[in-house]
Amino acid sequence: MQWHINKKGKGMIDYSDDFLGYLQLKQDLLFNKIPKKKILYYIQESLDEGKKRAAEFKNMSIKDIITQLNIDVHYTEENGDFFKVKFRAQSSIDREGKIKILLYKPSVQELAQANAVSFEEMWEIILAHECFHFLEFSSKEIVSEKLDSISTIKILNYTREAKIQSASEIAANGFAKEILHLDHLPNYYDYMFMLKEGSITYNDIEEEYQEFTKLF
């Protein structure tokens, strides 16, 4: 188990799959609608879906998987900044069903540098994540659709239900970790980048960790 001690020494944060999955789940627009007793369900079931799909490609490199799936990969020197959102990659599918992944090279490079890994290593992490979404689409087995719905509105006998879209993101991260034998889910690298650029603080993550531990 790997631990991180924050700079102020106030505590230790375990960047486990469950905690990183929790951070991803919190990005969902419907997070506050999820019953507390169901939070771990969405995290762990999503991670399991990613691991199961990764098992289908055991001992294959991400480059081999891309070749097998007939995916085209392209680069652009654009930075991937759109308003307040920073894109590392975007995927598209043409009319013939062929997928194309566009990588924003400067964005990938800065993420790699912030985490002291090579461009090639970060490139593979992002591609593995995107590959999972292609597999979801091509198999028509969308993780968020497979998991339980949540109730968003209840009025008398009327109930509106919705799916947790972040489940697919958690599963994609689980897939990437398994395929590439990573120490952490890929969103770990995003948080290390945000810490270094100052958009979040160690105290912010520690507060999230304390909330997460209350789930047990």
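**Figure 1. Lys52 in a salt-bridge network on helix α2.** K52 is exposed, its relative accessible area being 52%. In this predicted model, the side chain of K52 forms a salt bridge with that of E49, with an N to O distance of 3.5 Å. The two residues are 3 apart in helix α2, so about one helical turn separates K52 from E49. Residues three or four places apart in an α-helix point the same way, because the helix has 3.6 residues a turn. E49, unlike an exposed residue, counts as buried, with a relative accessibility of 13%. The pair belongs to a network of salt bridges that links E49, K52 and K146.

**Figure 2. A salt bridge between K38 and D148.** The closest N and O atoms of K38 and D148 lie 2.6 Å apart, and the two residues form a salt bridge. This pair links distant parts of the chain, 110 residues apart: K38 belongs to helix α2 (residues 36-55), and D148 to the loop between α6 (143-146) and β8 (150-155). D148 is partly exposed, at a relative accessible area of 34%.

**Figure 3. The salt bridge of E211 and K214.** An N to O distance of 3.2 Å defines the salt bridge between the side chains of E211 and K214. E211 is partly exposed, with 38% relative accessible area, while K214 counts as exposed at 61% relative accessibility. The model has 11 salt bridges, counted by a distance rule.

**Figure 4. E130, a buried acidic residue without a salt bridge.** E130 sits in helix α5 (residues 119-139). The residue is buried yet has no salt bridge. R88 is the nearest side chain of opposite charge, and the distance to R88 is 9.9 Å. A salt bridge requires a nitrogen within 4 Å of a carboxyl oxygen, so the R88 side chain does not qualify as a partner. Apart from neighbours within four places in sequence, E130 is in contact with A89, S91 and I101.

**Figure 5. Helix α1 against helix α9.** Two packed helices are described by the angle between their axes and the distance between the axes. For helix α1 (residues 17-25) and helix α9 (residues 202-213), the axes come within 10 Å and cross at roughly 105 degrees. α1 and α9 are therefore roughly perpendicular to each other. On the α1 side the contact is made by D18, F19, Y22 and L23, and on the α9 side by I205, E208, Y209, E211 and F212. Sorted by class, this contact of α1 with α9 has 6 nonpolar and 3 charged residues, and no polar ones.

**Figure 6. Helix α1 against helix α8.** The axes of α1 and α8 are 10 Å apart, and the helices pack at an angle of about 70 degrees. That angle makes α1 roughly perpendicular to α8. L20, L23 and Q24 of α1 make the contact with N187, Y188 and Y191 of α8. The contact of α1 with α8 holds 4 nonpolar and 2 polar residues, with no charged residues.

**Figure 7. Helix α4 against helix α8.** Helix α4 (residues 105-114) and α8 have axes that come within 9 Å and cross at roughly 80 degrees. The crossing makes α4 roughly perpendicular to α8. From α4, E110, L111 and A114 take part in the contact; from α8, Y189, D190, F193 and K196 do so. This contact of α4 with α8 divides into 4 nonpolar and 3 charged residues, with no polar residue.

**Figure 8. Buried residues of helix α8 and the glycine that follows.** In helix α8 (residues 187-197), the buried residues are N187, Y188, Y189, Y191, M192, F193 and L195. After α8 comes G198, which has a positive phi near 85 degrees.

**Figure 9. Two loop residues with positive phi, N59 and K140.** N59 is not a glycine, yet its phi is positive, near 70 degrees. N59 lies in the loop between α2 and α3 (62-68), and counts as exposed at 78% relative accessibility. K140, also other than glycine, has a positive phi of about 60 degrees. The loop between α5 and α6 contains K140, and K140 is exposed, with a relative accessible area of 74%.

Note on methods
Residues numbered from 1 in each chain as written. Heavy atoms only, no water. Helix = DSSP H or I, 4+ residues; strand = E, 2+ residues; numbered from the N terminus. Buried < 20%, exposed > 50% of the residue type's maximum accessible area, 1.4 Å probe, protein only. Axes fitted to C-alpha atoms, helices over the stretch in contact; angles between N-to-C directions. Parallel < 35°, antiparallel > 145°, perpendicular 65-115°, else oblique. Contact = heavy atoms within 4.5 Å. Nonpolar A, V, L, I, M, F, W, Y, C, P; charged D, E, K, R; others polar. Lys, Arg positive; Asp, Glu negative; His and termini not counted.
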